[in-house]
Amino acid sequence: MLSNISNVLRAGVQRNGAAVVISARTYADFTAQATFEIKKCDIHKFDEAPATEVVMTREEGLQYYRTMQTMRRMELKADQLYKQKIIRGFCHLYDGQEACAVGIEAAITLSDHLITAYRAHGYTYTRGGTVKEIMAELTGRRGGIAKGKGGSMHMYCKNFYGGNGIVGAQVPLGAGVALACQYMGNNEVSVSLYGDGAANQGQIFETYNMAALWKLPAIFICENNRYGMGTSVERSAASTDYYKRGDYIPGLRVDGMDVLCVREATRFAADYCRSGKGPVLMELQTYRYHGHSMSDPGVSYRTREEIQEVRGKSDPISLLKDRMLSNNMASVEELKEIDVEVRKEIEDAALFATTDPEPPLEDLCNHIFHNDAPLEVRGTNPWTKLKSVS
């Protein structure tokens, strides 16, 4: 078993165990692990920074690659289904930012807690949701992870609290989860994610204050993808040093396009929180390839050349792939096999998401309460009655 890596990544190895075993038999001469030099984090109120010389095993590298490819392909398929008007409503895609989610999950466990904003598909997957459940939720089907009633912005699983549509509102909720962790004394941490566009919200600064006063085991992470909707960070923030925004809370600024940088920084932050020293603020410098949402073409406030330059120089999947190939940790053929398997998983999930039935009307009001007796809910007028079952 891997040390310091999330259970969801372990589960991925088990799900695809056969492929890994075959590769091990065929490519027994591969390097089992290698040491890499990574970019140093900028620090605020820390005496030392996370390590810049880190170890990655072949098994870890293959799983990071598979997870990031799955997230990328899932989002590209969502783009396709949206343009076909099979997915409707709000839809915010995560392609380009995969190293953030995978690096964070590699440094914590599924018993830790995570809450994010509305760009939530990737985290739903890393927290334990399946591609099939996520795609079916996007199309509003009964087999979706929220039974077809949540859609793109409202997906949940154990210790994952969404998917939240109100800008910045998930951060105080995440602090509440951290308070519960502290109260229960379970040595767990709460990770609250938000974007650079939400970073100027007053409720976030109120949350910093309470978390610092109570020394909560909270990691606040700003995923800085350089544009809040269509506004660049330089036009929206008097200070773009988001990792210093906590003032009295120590902070880290991290290369969010490098899964190993994110992993080491998150591990460093989690160890700090678990030691009882209080919260940490992280800024992950990342980039989204799509627009803010599917209604945003993404090229009215930035150039196509800028997007292509980031893809060419900083793509998180390409960076990991090059590292593995140049250090004899995998072969081109082996990674292509993973790509084929991922594409098939995505296509199968898309087929399910377009053929699974929609939830019936009588399910509309279910799950309003937990573990409560059935009750009647008024419909759109006083004469329409619906039933709610926990």
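1. Let's start with helix packing: helix H4 (residues 98-107) and helix H10 (residues 259-274) cross at roughly 40°, and their axes come within 7 Å. That angle makes H4 oblique to H10, and the crossing of H4 and H10 is right-handed. Keep in mind throughout that this is a predicted model.

2. Who touches whom there? On the H4 side you'll find Ala99, Cys100, Val102, Gly103, Ile104, Ala106 and Ala107, and these meet Val259, Val262, Arg263, Thr266 and Arg267 in H10. Sorted by class, the contact of H4 with H10 comes out as eight nonpolar, two polar and two charged residues. Arg263 and Arg267 are both on the H10 side of this contact, if you want to look at the charged members.

3. Next pair: helix H6 (residues 131-138) packs with helix H13 (residues 332-355) at an angle of about 40°, the axes being 8 Å apart. H6 is therefore oblique to H13. As for handedness, H6 and H13 make a right-handed crossing.

4. The H6 residues in that contact are Val131, Lys132, Met135 and Ala136, while H13 brings Glu345, Ile346, Ala349, Phe352 and Ala353. By class, the contact of H6 with H13 holds seven nonpolar and two charged residues, with no polar ones. Worth picking out on screen are Lys132 from H6 and Glu345 from H13, both of which take part in the contact.

5. The third pair is helix H7 (residues 170-184) with helix H8 (residues 202-214): the axes cross at roughly 15° and come within 9 Å. Angles under 35 degrees count as roughly parallel, so H7 is roughly parallel to H8. Here the crossing of H7 past H8 is left-handed.

6. For the H7 and H8 contact, look at Val171, Pro172, Ala175, Leu179 and Gln182 on H7, and at Gln203, Ile204, Thr207 and Trp214 on H8. This time the class split for H7 with H8 is six nonpolar, three polar and no charged residues.

7. Now the pockets. The largest pocket has a volume of about 470 Å³, and 29 residues line it. If you want to centre your view, go to His92, Tyr118, Arg119, Met229 and His292, which lie nearest the centre of the largest pocket.

8. Which strands supply at least two residues each to the lining of the largest pocket? They are strand E5 (190-195) and strand E7 (227-228). E5 gives the most, with three residues. As to class, the lining of the largest pocket consists of 14 polar, ten nonpolar and five charged residues.

9. The second largest pocket has a volume of about 290 Å³. It is lined by 16 residues, and Tyr289, His290, Gly291, Pro297 and Gly298 are the closest to its centre.

10. What elements give two or more residues to the lining of the second largest pocket? Those are helix H3 (58-83) and helix H11 (304-314). H11 provides the largest share of that lining, namely four residues. By class, the lining of the second largest pocket has six charged, five polar and five nonpolar residues.

Terms used: Residues are numbered from 1 along each chain as its sequence is written. This is a predicted model: local features need pLDDT of at least 70, side-chain atom pairs count only at pLDDT 80 or more; totals for chains, interfaces and linings use all residues. Side-chain values use heavy atoms; hydrogens and water are left out. On a 1 Å grid over the protein atoms alone, a cavity is a set of points where a 1.4 Å probe fits but cannot get out, and a pocket is an open set with protein on both sides within 12 Å along at least five of seven lines; lining residues have an atom within 4 Å of a point. Grid points are joined across faces, edges and corners, and a volume is the space filled by probe spheres set on the points. Ala, Val, Leu, Ile, Met, Phe, Trp, Tyr, Cys and Pro count as nonpolar, Asp, Glu, Lys and Arg as charged, and the others, Gly among them, as polar. Axes are lines fitted to C-alpha atoms, for helices over the stretch in contact, and angles run from 0 to 180 degrees between N-to-C directions. Angles under 35 degrees count as roughly parallel, over 145 as roughly antiparallel, 65 to 115 as roughly perpendicular and the rest as oblique. A crossing is left-handed if the near helix is turned anticlockwise from the far one by less than a right angle, and right-handed if clockwise. Contact means heavy atoms within 4.5 Å.
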